[in-house]
Amino acid sequence: MGEQIWRRGNIHTHTTESDGDAEPEKVVEWYRNHGYDFLALTDHNHLTIIEHGSKHRGAEGLLMIPSEELTVRTDHTRIPVHLGGIGITRHIEAVATDDVATTIQANVNSILDAGGIACINHPSWEWAFDHRAILKTHGARLMEICNATLGSNNYPVPLPSKYSPSEIWDQVLTAGVPLFGAATDDSRHYHDFAPHKENPGHGWVMVEAEALDSDAIVEAMAGGKFYSSTGIYLEELKVSPDEVSLKVRQQGDVVVVTQFIGKDGQVFQESVGAGATYRPTGDEGYIRAALRSSDGTQAWTQPVFLK
Ligand SMILES: [Zn+2]
């Protein structure tokens with residue numbers, strides 16, 4: 001078996017076509033100059049297509065995946081529901097009802113109709129909704145488990161009804177629903193780089209795909225053939241119901257800790273160092289690996305479901 005080929009991309013990006021502060025061309029240039037292979041421009045309720053590069057590797061060397069962030073608030077209750085429509089073939093009008101789950105479902109359906117895959121974005125932003133709503137829906141393939149913008153509430157807190165994205169993810173997976181976890185930038189600010197700005201380069205996906213074209217990348221993501229990262233790179237990742245093993249690319253003298261997590265977010269094994277292997281017993285429900293480094297960066301692999 002040959003070496004695994006990983007394609008680095010960001011699937012949540014804003015430009016001046018919505019609330020970003022740089023023109024689409026400038027945003028594309030930033031990502032192209034920072035080691036990305038593909039990019040989804042996901043302006044709010046707007047399909048931003050940039051010249052010469054809507055489908056195949058264009059825009060001077062960066063593959064563009066036509067996308068949009070369907071952005072609404074529920075009627076009356078005003079709860080934000082944002083969905084990434086990744087790989088769509090046309091603009092979609094976002095719709096809202098007075099209920100979170102039916103709003104998610106209606107927009108997921110529109111995304112599927114338009115030939116894309118749906119990503120449930122930043123569920124914990126404004127503590128908007130959690131697994132209880134998500135589990136009433138079907139058809140989404142991805143959810144954001146780490147969104148780099150302020151207010152995404154990526155980390156857990158010990159308060160009732162306030163779930164972090166990873167906690168929501170584990171509850172969804174525990175129910176047996178295969179949603180795959182994405183780390184994204186949700187970037188808006190491309191001029192000033194500062195901690196309180198929403199800058200690019202903080203969260204991305206590494207997709208295993210032979211071909212760098214839109215269909216191959218979208219299909220691989222839909223099938224969970226990717227991992228998410230905020231700075232940790234994997235040299236190798238093997239996932240099967242018999243064994244999950246990985247090897248981290250060593251960066252300086254940082255130490256990486258890998259947790260193998262299953263049903264209800266339970267940690268079944270913790271490994272320290274560049275290589276980690278877990279052999280499921282079959283009672284874990286599913287197994288996913290969550291990595292964190294002594295420099296503060298993280299990575300997440302996708303779940304494998306067990307009998
Ligand atoms: Zn959003």
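The exercises below, each with a worked solution, concern a predicted model.

**Exercise 1. The two domains**

Describe how the protein is divided into domains, and find which elements of domain 1 supply the side that touches domain 2.

*Solution.* Begin with the division itself: the domain assignment of the protein gives domain 1, covering residues 6–230, and domain 2, covering residues 237–307. The C-alpha centres of domain 1 and domain 2 lie 24 Å apart, and 15 residues of domain 1 are in contact with 15 residues of domain 2. Next, look at the side of domain 1 that touches domain 2, to which α4 (165–174), β8 (180–184) and β10 (226–229) each supply at least two residues. Finally, sort that side of domain 1 by class, which gives seven nonpolar, six polar and two charged residues.

**Exercise 2. The sheet of five strands**

Work out the strand order of the open sheet that holds β4 and β8, and explain why one side of each of these two strands is left without a neighbour in the sheet.

*Solution.* The order in this open sheet of five strands is β4-β5-β6-β7-β8, and the pairing is mixed. Because β4 (67–73) and β8 stand at the edges with a single partner strand each, one side of each has no neighbour in the sheet. Averaged over the sheet and ignoring direction, neighbouring strands are turned by 30 degrees against each other.

Now follow the pairing at each edge in turn. At one edge, β4 and β5 run antiparallel and are joined by seven bridges, with E69 standing opposite G84 in β5. The hairpin of β4 and β5 has six residues between the strands, and in this hairpin H76 takes a positive phi near 65 degrees. At the other edge, β7 (residues 142–147) pairs with β8 in the parallel sense over five bridges, and C146 has A183 in β8 as its bridge partner.

As a last step, consider what surrounds the strands. Although β4 is an edge strand, six of its seven residues are buried, so β4 is largely enclosed by the rest of the structure. Helix α2 (residues 100–113) lies across β4, β5 (80–86) and β6 (117–120), and runs at about 15 degrees to β5. Helix α4 also packs on the sheet, where it touches β7 and β8, and its direction makes about 155 degrees with that of β7.

**Exercise 3. The sheet of three strands**

Determine the order and pairing of the open sheet that contains β11, β12 and β15.

*Solution.* The order is β11-β12-β15, and the pairing is antiparallel. Since β11 (234–239) and β15 (275–278) are the edge strands, each having a single partner strand, one side of each is left without a neighbour in the sheet. Neighbouring strands here are turned by 5 degrees against each other on average, with direction ignored. To examine one pair in detail, take β11 and β12 (residues 244–248), which run antiparallel and are joined by five bridges; within this pair, K238 stands opposite S245 in β12.

**Exercise 4. The nonpolar core**

Identify the residues that touch the most other members of the largest nonpolar core, and then list the contacts of V205.

*Solution.* The largest nonpolar core has 77 residues, of which L39, L83, C119, L142 and V205 touch the most other members. At least three residues of this core come from each of domain 1 and domain 2. Turning to V205, and leaving out residues up to four places away in sequence, its contacts are G9, I11, A182, A183, M221, F226 and S228. One of these, A183, has already appeared in Exercise 2 as the bridge partner of C146.

Key: Residues are numbered from 1 along each chain as its sequence is written. This is a predicted model: local features need pLDDT of at least 70, side-chain atom pairs count only at pLDDT 80 or more; totals for chains, interfaces and linings use all residues. A nonpolar core is a set of buried Ala, Val, Leu, Ile, Met, Phe, Trp, Tyr and Cys residues joined through C-beta atoms within 7 Å. A residue is buried if 20 or more other C-beta atoms lie within 10 Å of its own, exposed if 12 or fewer, and partly exposed in between; C-beta atoms are placed from the backbone. Domain bounds come from an automatic or database domain assignment. Two residues are in contact if their C-beta atoms, placed from the backbone, lie within 7 Å. Helices (H or I, at least four residues) and strands (E, at least two) are DSSP runs, numbered from the N terminus. Ala, Val, Leu, Ile, Met, Phe, Trp, Tyr, Cys and Pro count as nonpolar, Asp, Glu, Lys and Arg as charged, and the others, Gly among them, as polar. Two strands pair if DSSP finds at least two bridges between them. Axes are lines fitted to C-alpha atoms, for helices over the stretch in contact, and angles run from 0 to 180 degrees between N-to-C directions.
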